[in-house]
Structure formats: C-alpha cells, structure tokens
Amino acid sequence: MRLPAIVMILLLAANAHAAFPEKAIKVIVPNGAGGSTDLTTRLVSTPLSEALGQGIAIVNIPGAGTSIGAQKAARSRADGYTLLSTHEAFLTSSSLNLNRMGPASLRPIAQVAREAVVIAVHPDSALNDLDDYFAAVSKGHANASLKLGVNPGAVSHFTLARTLMAVDADVIFVPTGGGAKSLKSLMGGHIDIASFTVSEFHQVASAGRLRALAVLDGERHPNLPDTPTAVEQGHDIRFSVHYVWYAPAATPDATVTVLADAMRGIMAKPEFITQLEQRSLTPDFLSGQALEQTLDTRYEEIRAIATEVKNAGR
C-alpha cells in the first residue's frame with residue numbers, strides 16, 4: 001500500500017504546481033488611473049490574461065511616490081495572486097526612504113518595455129538645446145534662476161537632478177506634481193523646464209504647446225525624429241523609465257517562472273509589439289538573473305542621484 005500512497009502524493013504535488021493560476025490575479029498599480037504605468041499595465045494584462053487562462057484585475061493604489069501601493073503588494077500573500085506593476089518611481093521612492101521596505105521586499109518577474117524621457121520647454125523659451133540649458137542653470141548666469149517643475153521624489157525629479165550633476169547649478173525646484181500638472185504649469189509660464197516621458201510629450205508636441213531640448217537616450221526616438229539626443233549634443237545623459245512587474249519577495253520560483261514565461265510569449269507576438277510602439281514604448285524584455293542584475297545596477301545609479309538631491313537640498 002505504500003507505493004500507491006507515495007505515487008498519489010507526487011501526483012497531487014504535480015497537479016498543484018501545474019494548476020497555477022487557479023483564480024484571477026490582482027495587479028496593483030501604485031499610480032492613478034490613466035497615467036503611463038496604468039495604461040502600460042492594461043496593455044499587458046489583456047494578452048497575459050489570455051495566456052494564463054485567468055482574469056486579471058487592476059487596482060490603482062496611488063500615493064507617497066508609489067510607496068503605498070508597493071508596500072501593499074509586498075505585504076500580500078506570496079502566492080502569485082497579488083502583483084505590482086511599476087517603473088523607476090518604485091526605486092526613486094525607495095532611495096529617499098519614502099518606501100522603507102525597499103526593493104528587497106519584492107522580486108522582479110519581468111520587464112516588458114522602456115520609455116525615454118524628454119527635457120522640454122515652452123515654445124517661446126530662449127533655450128534651444130542642452131548647451132543653452134546648462135548655461136542657464138549654472139551659477140553665475142545673468143538671468144533669474146530657472147524654475148524646474150518636478151514631482152518630488154518621482155521620476156521627473158530624478159531626471160532633472162541627474163542633468164544637474166554635471167554642473168554647479170543655481171535653480172529653483174517647483175513641486176508641480178505629475179505629468180499633467182507639470183504640463184499645465186509649463187504652458188502657463190509658471191515654470192521654465194520640465195521632463196516628460198515620450199508618450200506624455202508626444203501628445204501635446206504636435207499641437208505646438210511644448211518644445212523638446214533633448215531626448216535622454218542613446219538614439220533618437222521614432223516618434224520624435226527631429227529631436228536630438230543628449231548624447232548627440234555632447235552630454236552622455238540617459239534616463240528612461242522601465243516597466244517592470246514584481247511579486248512579493250517570498251513568491252516561489254515556479255510561480256514567477258510561469259508568469260515570466262507567459263510574458264515572454266506575449267513579447268513574441270508582432271501585434272503586441274506594434275501596440276507597444278504605438279504607445280511610444282520600446283519593447284525591452286528581461287527576466288530572471290539578467291533582470292535582477294540590471295535592477296541592482298539601476299538602483300545604485302538612482303541612489304547616487306538621491307544623495308545629490310539630499311546634499312543639494314533639492
């Protein structure tokens with residue numbers, strides 16, 4: 001009787017493993033509805049639901065620079081049924097201790113895409129390129145200090161702080177809030193400079209309401225072919241947001257593998273790649289050890305910017 005019992009146990013264990021997922025999965029987006037992270041998550045969730053054979057419910061939990069939603073996900077049961085979809089804001093908030101649980105509280109599943117960041121000005125601005133920008137922000141300039149619109153602790157804050165690491169700057173940081181609020185402030189003349197993702201910028205640039213000084217990437221973006229990169233202008237400054245899905249740190253390897261493999265399969269579909277590109281996103285899939293190492297490096301770079309932000313009182 002022993003052999004059948006052992007066989008039965010093994011079969012039950014195998015069935016339990018093969019069954020994931022057995023129910024709908026909740027994905028926490030630590031930002032409000034309608035933003036770039038929310039839209040990208042919804043873009044991924046539809047084919048992912050089809051691939052896994054289960055529904056995916058997206059829950060927006062904004063606040064404290066993604067910290068509230070990220071910590072909610074980290075404290076969830078580590079069974080693969082509660083996930084987090086976010087980008088660099090998770091790392092920037094952790095580097096400033098807004099998220100005291102930090103990156104170690106979650107494990108990455110997969111990165112699906114990245115999106116370049118643009119430095120932009122009002123169309124009437126006297127600034128035409130990054131050389132003009134650096135001249136205007138450096139101490140000793142003849143004019144009033146430039147006002148830089150940021151969402152404190154978020155990607156826009158770190159993007160502009162990164163550009164200032166190359167100079168002894170004299171600027172004023174204005175806490176305008178997220179992309180839509182910064183856009184309104186810039187168009188209204190309340191600030192002089194702001195940063196946006198390409199998708200945010202592209203929505204209004206065609207109407208002539210903004211002008212880009214540079215794309216912070218190594219190559220020009222297809223949607224902004226006339227906008228030079230920072231590298232082209234002689235400044236090796238690169239800053240992008242990378243859309244990554246996470247699970248609680250103790251989630252089993254097998255569960256993470258199921259999710260990562262499903263996402264890898266989605267990335268192999270030309271129609272999905274087209275959808276990403278239509279959103280101004282660059283397909284950029286990573287998972288496993290390669291993703292973990294990349295995130296470690298990325299976090300160290302962000303922590304260096306955070307130190308600059310703290311030391312300069314920005």
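Which residue caps the N-terminal end of H5? Asp129 does the job, with a side-chain oxygen 3.2 Å from the backbone nitrogen of Asp131.

## Ground rules

This is a predicted model, so local features need pLDDT of at least 70 and side-chain atom pairs pLDDT 80 or more, while totals for chains, interfaces and linings use all residues. Numbering runs from 1 along each chain as its sequence is written, and side-chain values use heavy atoms, leaving out hydrogens and water.

## Helix H5

H5 spans residues 130-137 (helices are DSSP runs of H or I, at least four residues; strands are runs of E, at least two; both are numbered from the N terminus). Its buried residues (under 20% relative accessible area, 1.4 Å probe, protein chains only) are Leu130, Tyr133, Phe134, Ala136 and Val137. They sit on the same side of H5, because they cover an arc of only 165° around the axis (taken from the directions from the axis to the C-beta atoms).

## Strand E9

Now for E9, residues 240-248: 9 of its 9 residues are buried, so the rest of the structure largely encloses this strand. E9 pairs (at least two DSSP bridges) antiparallel with E3, residues 82-86, over 3 bridges. Thr86 has Val244 in E9 as its bridge partner.

E4, residues 106-121, also runs antiparallel to E9, and 9 bridges join the two. Here Ala113 is matched with Tyr243 of E9.

Notes: Buried means under 20% relative accessible area, exposed over 50%, partly exposed in between (1.4 Å probe, protein chains only). A polar contact is a pair of N or O atoms within 3.5 Å; within protein, one must be able to donate a hydrogen and the other to accept it, and residues adjacent in sequence count only if both atoms are side-chain atoms.
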